[in-house]
Amino acid sequence: MDKLVIQGGARLEGEIWISGSKNAALPILFATLLTDQKVTLSNLPHLQDITTTIALLGALGVTISIDDNMQITVESGSLNAVTAPYDLVKTMRASILVLGPLLAKYGEANVSFPGGCAIGSRPVDLHLKGLEAMGAEIEVDQGYIKARTNGRLKGANILMDVVSVGATENLMMAAALAEGTTVIQNAAREPEIVDLARCMNALGAKVEDFGSNTLTIHGVEKMTGGEYSIMPDRIETGTFLAAAAATGGRIKTTKADPTSLEAVLLKLKETGAEITQGDDWIQLDMKGKRPKAINIKTAPYPGFPTDMQAQLSVVNAVAEGTGRITETIFENRHMQVQELNRMGANIAVEGNTAVVTGVDKLNGAPVMASDLRASAALVIAGMVASGETAVDRIYHIDRGYECIEEKLRQVGARIRRVPSK
Ligand code: UD1
């Protein structure tokens, strides 16, 4: 298995361009199943999860072509299967997003129960309940979710018990081709939902009030072809800014979207960082100072994103003072803590809170990545630490960060990928 080997201690300085958003690209790729016509998507990130999604669409019989700039053209008219098999789904939880579009368009879908990051139990009950409310018949058989509908799905009023990004997306896509109007209350409001809704509307769907907690979707009989450019990745952006804060450096992220990560920028400012921004860039300058510890509580958007807490725990690990990081979305999401403590951090986990007491320095060590964002945290820790850190199991990081070592080298990090023997 490949490793990332990092010589720590370099202050990061320079510019990094931000890739297209993984979490917007995945549902948007699945949304192309809603139309028979050609859809061209640009600004797709070059990532393992995107490759998995393309393989999954390919297995269904979708025709796909990709050019050198990762512009991808998808045509679903040739679909010849409605089953998302276990060997593809097991590596990526977001594969569940194939369910809504397949069912809405073809009246039938079989999807293996999803895998993905091991951060808590992560059920899919809300996806299934919502589809049932729209008239789907669902059974679980031999590890597969088997969904059927007689004729079109029917518009419904759906109240979600928990705010779920994936369930909101799945139901929004299913409702796009349903008969009548669907209202989803307590919907997720994440920028990626907004991006998906914009893309769907560009393809002829009628989604209203996206970005609010009550979504209205007027079902249409058919959607069309079209073009769409994926939004910048706000979590990648936040990760690089956190790296600048932890190393006392200065990073300007370009091709970014400052409006999508206000909660993160507010918290980074609290660490003492100077933040400046324009329409499509954000710069964080720590001016060589040690960060101040901050308290964080994760929450659905517009709250602080759970996908950024691990990276901020590293900023706290080397900060002045003690900061508390409380995770409210997922259980078992402080998995980087044990590894950070092996590097000399002082972090105690109390229930769903990590109490991080800043230390003067971290020491390099061999560490193991356990999930996508935890592995980003370990890479940041490696850049702050003195000596060498080897981050193992980086297939996690390749699921979500495009060319991470190349981008970080651009700003002065001493990081290289060591292929497995
Ligand atoms: C998405 C993101 C992930 C992010 C998460 C929360 C993608 C591909 N992934 O994941 O990076 O960390 O949002 O912002 O976009 N839940 C249920 N029942 C369900 C579905 C979810 O109880 O049917 C619970 C989950 O266990 C969790 C909470 O709802 O506690 C939020 O999960 P959800 O928003 O669905 O996360 P994902 O869409 O899987």
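**Reading loops, burial and contacts in a predicted model**

Modeller: Let's begin at Arg 393, which lies in the loop between β23 (388-392) and α13 (395-398). Helices (H or I, at least four residues) and strands (E, at least two) are DSSP runs, numbered from the N terminus. This is a predicted model, in which local features need pLDDT of at least 70, side-chain atom pairs count only at pLDDT 80 or more, and totals for chains, interfaces and linings use all residues. Residues are numbered from 1 along each chain as its sequence is written, and side-chain values use heavy atoms, with hydrogens and water left out.

Colleague: Which sign does phi take at Arg 393?

Modeller: Positive, at about 60 degrees, although Arg 393 is not a glycine. Asn 186 also has a positive phi of about 60 degrees and is not a glycine either. Asn 186 sits in the loop between β11 (181-185) and α7 (191-202).

Colleague: How should I read accessibility there, and is Arg 393 buried or exposed, or partly exposed?

Modeller: Buried means under 20% relative accessible area, exposed over 50%, and partly exposed in between (1.4 Å probe, protein chains only). Arg 393 has a relative accessible area of 33%, so it is partly exposed. Asn 186, at 28%, counts as partly exposed too.

Colleague: What is Ala 369 in contact with, leaving aside its neighbours within four places in sequence?

Modeller: Contact means heavy atoms within 4.5 Å. With those neighbours left aside, Ala 369 touches Ser 375, Leu 378, Val 391, Asp 392, Arg 393 and His 396, which brings us back to our starting residue. Ala 369 has its place in the loop between β22 (366-368) and α12 (372-384). At 1% relative accessibility, Ala 369 counts as buried.

Colleague: Now for another loop. Where is Thr 306 found?

Modeller: Thr 306 is in the loop between β18 (296-297) and α10 (309-317). Pro 302 belongs to that loop between β18 and α10 as well, and the peptide bond from Tyr 301 to Pro 302 is cis, with omega near 10 degrees.

Colleague: Which side chain makes a polar contact with that of Thr 306?

Modeller: A polar contact is a pair of N or O atoms within 3.5 Å; within protein, one must be able to donate a hydrogen and the other to accept it, and residues adjacent in sequence count only if both atoms are side-chain atoms. Here the side chains of Thr 306 and Glu 327 are joined at 2.9 Å. Thr 306 is buried, with a relative accessible area of 12%. Beyond four places in sequence, the contacts of Thr 306 include Ile 329, Phe 330 and Arg 333.

Colleague: Which residues of helix α5 are buried?

Modeller: In α5 (residues 125-133), they are Leu 126, His 127, Leu 128, Gly 130 and Leu 131. Their cover includes α4 (99-106), β8 (137-141), β9 (144-148), β10 (157-159) and α6 (165-176). Just after α5, Gly 135 takes a positive phi of about 100 degrees.

Colleague: To finish with the whole chain, how many helices and strands does the secondary structure come to?

Modeller: There are 14 helices and 24 strands. Of the 421 residues, 57% count as buried. Along its principal axes, the C-alpha trace spans about 65 × 45 × 40 Å. Among contacts with a separation of 6 or more, 73% come from residues 24 or more positions apart.
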